[in-house]
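Biologist: Could you take a close look at one small part of this model with me? I'll show it here first.

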Amino acid sequence: MTQFPSPDRTMANLAVAEALPDILPPIRRRGPVRTFIARHPTLVLGAGLLLLLVLTAVLAPWLGTLDPGALAPARRLRPPSGNNWFGTDQLGRDIYSRVIYGTRASLMVGFGVSLLSSLVGLAIGLVSGFVRWSDGLIMRAMDGLMSIPPVLLAIALMTLSRGSMGNVILAITIAEIPRVSRLIRGVVLSLRDQPYVDAAIACGTRTPMIIFRHILPNTLAPMTVQATYICASAMILEAILSFVGAGTPPSIPSWGNIMAEGRALWQVKPYIVFFPALFLSTTVLAVNLLGDGLRDALDPRMVKGV
Amino acid sequence: MLIYLLKRLLTTVPVMLLVGLFVFSLLFVVPGDPAAMIAGDQASIADIARIRASLGLDRPFPVQFWNWLWRLAHGDLGQSIFSDQPVTMLIGQRVGPTLSLMGMTMLVSVGLAVPMGVIAAWKAGSLIDRFLMALAVLGFSLPVFVVGYMLAYVFALNLDWLPVQGYVPMDDGLWPWLSRLILPSASLGCVYVALIARITRATMLEVLTQDYVRTARAKGLGSASILMIHALKNASVPIVTVIGLGIALLIGGTVVTESVFAIPGLGRLTIDAILHRDYPVIQGVVLLCSGTYVLINLLIDLCYNLLDPRIRY
């Protein structure tokens, strides 16, 4: 039999806790802005970088740039120096100015394509999700379009049209539409089974009203995230198209064009390719970070960081 | 199973027909005169007429499409406008390097990306997970030619470990062939690795929360056996699907990679065709690539049953 120690001896064995201070130290509270930054670091970083690039594009003429098309044959292929920060190309044009102005082309294509393809994709996705008989037809068409690799589709389109900014945006948009429409269709199909949509139908709400009030607002979040990814891939596609000679006309400085011009010389004059490549990668990274951040912020169900 | 296989094969027919119709009708949809566009600014009227006739643009659309399809069914993709050679022959000459490049890239990428994703999911939230996923974001953001130039500059020009550019067929020796493929594959594979690693991590994370994984752990299985046998096998369907879908990225990247590393493959053929606005060649390459893409994804669909016996047809 175990012998229980007497109560007073047990008390003696116990350690006595230190007395608590009278008042707990105040909880450090952060302002709403700092809380937001701490919660969504990628979103803030991406958005900040992108904002900086938009400012660069808008303020291009006042950032110490020269005329990006000005030829100076006497000063061709100069390495980076105080006069020409990023050096000059084989026609003597200032690469810094061309790269800074190139921000405009890239952002224009990125934003243009993501906006256009979102709108068209939204329309197609809604029709496909709501008009039953058209669904099979539209989705097979999208399957067909999707089975052509986007780069090749855009190249085929560009070979047959004059190289212009608008045509580049159109060609890339056509290549991106299937992805958006499929996404929207999926969202619409899952929303249609929601009890509140059933309730709206039971109340006799007309279809356009259901679409505008119940479906559209719910497609906004996934569409915004998708639009950022499309923006990133459109920028890469534009650069690829310009790089292979099927993109923005050479008269417009774009990062792909500058790299295409530096292609033949990259072994001896790597800086011609290096600077536009750096800007392109940074921009795409910014947009991708923004997309990842938006996804985590807009969809709390997603595991963070996946 | 056999009936399912036939059914699936049949569903690819309309998709391929659609691709064909699309690629073919581009000539008509695009505003302006495609013959004049292809001929270029310095062409005479006779040149334009010749191109129009050789593309069959002077006949009604359905007739043209049917003729084109009929010839396509017989393996005739038409003549190149620039070199007057059959497109099938031009493509045939260039398939080898591209296949080597894509095969090598897929092999290395999948071999690298799947373990990356598994490790990231296993150590989710840790430093190594963050590092691997940061690499993945970087892989998505660096365009193919940026990686290509960077790798070539460091490993070929500066360190002189590998040849800078060019291609040697496998018949000329294994090492010369392999050494010229390492840098192009590495740059082409970046996006692909990022894509597969991310999806592997995401699916593995989901599978690792399943009851049978806990049971496996409870009965004392080691981490390796849980990850490889219990988790990865159950996560394989989405991973394999993405491997198939990602081929579209690879095909697009090949065009650029071959141009950076001067590899005489299909991508190079496409770029030369762009310069001459040689639409029949581009049409041929697009059809071939889309066909391969559809076929590979069909094969992957059919493999689902091997990976996951719960999927029945």
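Which side chain does the side chain of Ser242(A) join through a polar contact, and over what distance?

Modeller: Keep in mind that this is a predicted model. The partner you're after is Thr248(A): its side chain and that of Ser242(A) are joined by a polar contact of 3.3 Å. As for where that serine sits, Ser242(A) belongs to helix α9 of chain A, which covers residues 207-243. Ser242(A) has a relative accessible area of just 2%, so it counts as buried, the cut-off being under 20%.

Elsewhere in chain A things look rather different on the outside. Cys203(A) is exposed, because its relative accessible area of 67% is over the 50% mark. Over in the other chain, Cys190(B) comes out at 25% and is therefore partly exposed. While we're on cysteines, there are zero disulfides over all chains.

Chain A also carries a nonpolar surface patch, made of Leu51(A), Leu55(A), Val58(A), Leu59(A), Trp62(A) and Leu63(A), with about 620 Å² of accessible area together. One of these, Leu59(A), is found in the loop between α3 (41-58) and α4 (95-130) of chain A. Leu59(A) is partly exposed, with 36% relative accessibility.

And how far to trust it? The model scores ipTM 0.83 and pTM 0.82. For chain B the mean pLDDT is 82, and 96% of the residues score at least 70. Among the elements of chain B, helix α5 (residues 87-122) has the highest mean pLDDT, 88, while helix α2 (residues 34-39) has the lowest, 71.

How values were computed:
Residues are numbered from 1 along each chain as its sequence is written. Chains are lettered from A and ligands numbered from 1 in the order in which they are written. This is a predicted model: local features need pLDDT of at least 70, side-chain atom pairs count only at pLDDT 80 or more; totals for chains, interfaces and linings use all residues. Side-chain values use heavy atoms; hydrogens and water are left out. A disulfide is a pair of cysteine sulfur atoms within 2.5 Å. Buried means under 20% relative accessible area, exposed over 50%, partly exposed in between (1.4 Å probe, protein chains only). Patches are made of residues with over 30% relative accessible area and no salt bridge: like charges are joined within 9 Å, nonpolar side chains (Val, Leu, Ile, Met, Phe, Trp, Tyr) within 5 Å. Accessible areas come from the Shrake-Rupley method with a 1.4 Å probe; for residues, only the protein chains shown count as cover. A salt bridge is a side-chain nitrogen of Lys or Arg within 4 Å of a carboxyl oxygen of Asp or Glu. Helices (H or I, at least four residues) and strands (E, at least two) are DSSP runs, numbered from the N terminus. pLDDT is the predictor's confidence in each residue, from 0 to 100. A polar contact is a pair of N or O atoms within 3.5 Å; within protein, one must be able to donate a hydrogen and the other to accept it, and residues adjacent in sequence count only if both atoms are side-chain atoms.
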